[in-house]
Amino acid sequence: MTGQDSTRPPTPSRLPDPQDALTDVAGVRVGHARLTGEGALSGTTVVLAPQGGAVAAVDVRGGGPGTRETDALDPRNLVQRIDAVVLTGGSAYGLDAASGVMAWLEEQGRGVRVGADPAQVVPVVPAACLFDLGRGGDWRARPDAATGRAAVEDAARTAPGAAVAEGCVGAGTGAVAGQLKGGVGTASVRLPSGLTVGALVVVNAAGSVLDPRTGVLYGEYGAAEPAVAPAPEIHRAAQQRLAQAHDGNTRPPLNTTLAVVATDADLSRAQAQKLAGTAHDGLARAIHPVHLLTDGDTVFALATGTHALDPANPIALNDLLAAGAQAVTRAIVKAVRAASGVNGCAGGGTYPSYGDLYGTQGRPGQPADGTGPGTDSPPA
């Protein structure tokens, strides 16, 4: 006897408070690593699946993608579950970060079993890269296997349901969004059924996230709280600063927005692929234009399989599909609002942040004149 009252059911552990993040999907963890040193403006983000892996899928719609192991996710192919997804800067060079994640997973005995010995595994690590070469000034500053290992170790150290750092972190370190500074953002949706859908997006788009007519972020149109346009004089000054930054930036608009959408639903691989595809709608609501030849826009989907869809509802997946797109749109808005600007660092270009231009002007719930509580002073 342990002294526990056997006539009562055990008290369930309290679940972590929702973080409005990908990590609200139980068991999913996120880690970041960035390069250090003068002229370095790049990094890697790793999404680590729960022990045992997750059903995974991918949908690539950009015209210039850089990816690794995405064919393994085709529902017609052998691999059933994967343990991690890598999002990385450094263009195709940065895909080397996945090697560091693969090595770490092998040490943990995680991967596709290929022999009698439990240590005989081959981790399948899908990865996608974005273009940020030279944004810090050093063309050769790009993620490698060590960066990937640092990011997955960072993910493994986090507690279940931990908050996720946003803005200029990990793969978002050197990201831009049109003429604005981009970065990492994350959001989640908890459905009435109890299912959770989360998204993490690295916003690095050739298109714009900002409506030039109003200063409102495209992703805030149609949000639960109506978007509030910044004061006209603030918007005029912001547009002038963006034009000046554009004139001084000579690098071509080579970009790519990357996303991971995860759910605790029990999905087939085909259903997960549908989730990845419809999540692209979230990109289209927040970035104009999107899926260009100079983008490599890629969305991964993960399903941990904790909760079954309602078997009595043949279209129960619809709610998940809508929530995935919604979470992606909100994550883009959060990424742009969390980013900090870059001012011509080592010849890498000038990319002001939304906050540099507008403060909290235009944030839903703030007065249009920026006089509400907690509002930053208008930018000089």
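This passage walks through a predicted model of one protein, from its overall make-up to two helix pairs and a few single residues.

The protein contains six helices and 16 strands. Of its 380 residues, 54% are buried. The chain also brings distant parts of its sequence together: among contacts between residues at least 6 apart in sequence, 77% join residues at least 24 apart.

A good place to begin is helix α4. This helix has 18 residues, and the distance from its first C-alpha to its last is 27 Å, close to the 26 Å expected at 1.5 Å a residue. Its buried residues are R269, A272, L275, A276, G277, T278, A279, H280, G282, L283 and A286. An α-helix has 3.6 residues a turn, so residues three or four places apart point the same way. It can be helpful to trace the buried positions along the helix with that pattern in mind. The cover over the buried residues of α4 includes the strands β3 (55-60), β13 (258-265) and β14 (298-307), together with helix α5.

The pairing with α5 deserves a closer look. Helix α4 (residues 269-286) and helix α5 (residues 317-338) pack at an angle of about 40 degrees, and their axes are 7 Å apart. Because of this angle, α4 counts as oblique to α5. The crossing of α4 past α5 is right-handed. On the α4 side, the contact is made by Q271, K274, L275, T278, A279, D281, G282, L283, R285 and A286, and on the α5 side by L317, L320, L321, G324, A325, Q326, V328, T329 and I332. Sorted by class, the residues of this contact are ten nonpolar, six polar and three charged.

Another helix pair is found earlier in the chain. Helix α1 (residues 97-107) and helix α2 (residues 145-157) pack with their axes 6 Å apart, at an angle of about 50 degrees. The two helices are therefore oblique to each other. Here too the crossing is described as right-handed, with α1 passing α2. The residues of α1 that take part are A97, S99, G100, V101, A103, W104 and E107, and they meet A145, G148, R149, V152, E153 and A156 of α2. This contact has seven nonpolar, three polar and three charged residues.

Single residues fill in the picture. A57 belongs to strand β3, one of the strands that cover the buried residues of α4. With a relative accessible area of 0%, A57 is buried. Setting aside neighbours within four places in sequence, A57 is in contact with L73, R269, A272, Q273, V299, F300 and A301. A57 and D71 are 14 residues apart in sequence, and their C-alpha atoms are 9.4 Å apart in space.

Some details of the backbone also stand out. Most residues other than glycine have a negative phi, and most peptide bonds are trans. S91, in the loop between β5 (84-88) and α1, has a positive phi of about 55 degrees although it is not a glycine. S91 has a relative accessible area of 19% and is buried. The loop between α4 and β14 holds H291, which is not a glycine either but has a positive phi of about 60 degrees. H291 is partly exposed, at a relative accessible area of 24%. P289 also lies in the loop between α4 and β14, and the peptide bond leading to P289 from H288 is cis, with omega near -15 degrees.

Methods
Residues are numbered from 1 along each chain as its sequence is written. This is a predicted model: local features need pLDDT of at least 70, side-chain atom pairs count only at pLDDT 80 or more; totals for chains, interfaces and linings use all residues. Side-chain values use heavy atoms; hydrogens and water are left out. Axes are lines fitted to C-alpha atoms, for helices over the stretch in contact, and angles run from 0 to 180 degrees between N-to-C directions. Helices (H or I, at least four residues) and strands (E, at least two) are DSSP runs, numbered from the N terminus. Angles under 35 degrees count as roughly parallel, over 145 as roughly antiparallel, 65 to 115 as roughly perpendicular and the rest as oblique. A crossing is left-handed if the near helix is turned anticlockwise from the far one by less than a right angle, and right-handed if clockwise. Contact means heavy atoms within 4.5 Å. Ala, Val, Leu, Ile, Met, Phe, Trp, Tyr, Cys and Pro count as nonpolar, Asp, Glu, Lys and Arg as charged, and the others, Gly among them, as polar. The expected span of a helix is 1.5 Å times one less than its number of residues. Buried means under 20% relative accessible area, exposed over 50%, partly exposed in between (1.4 Å probe, protein chains only).
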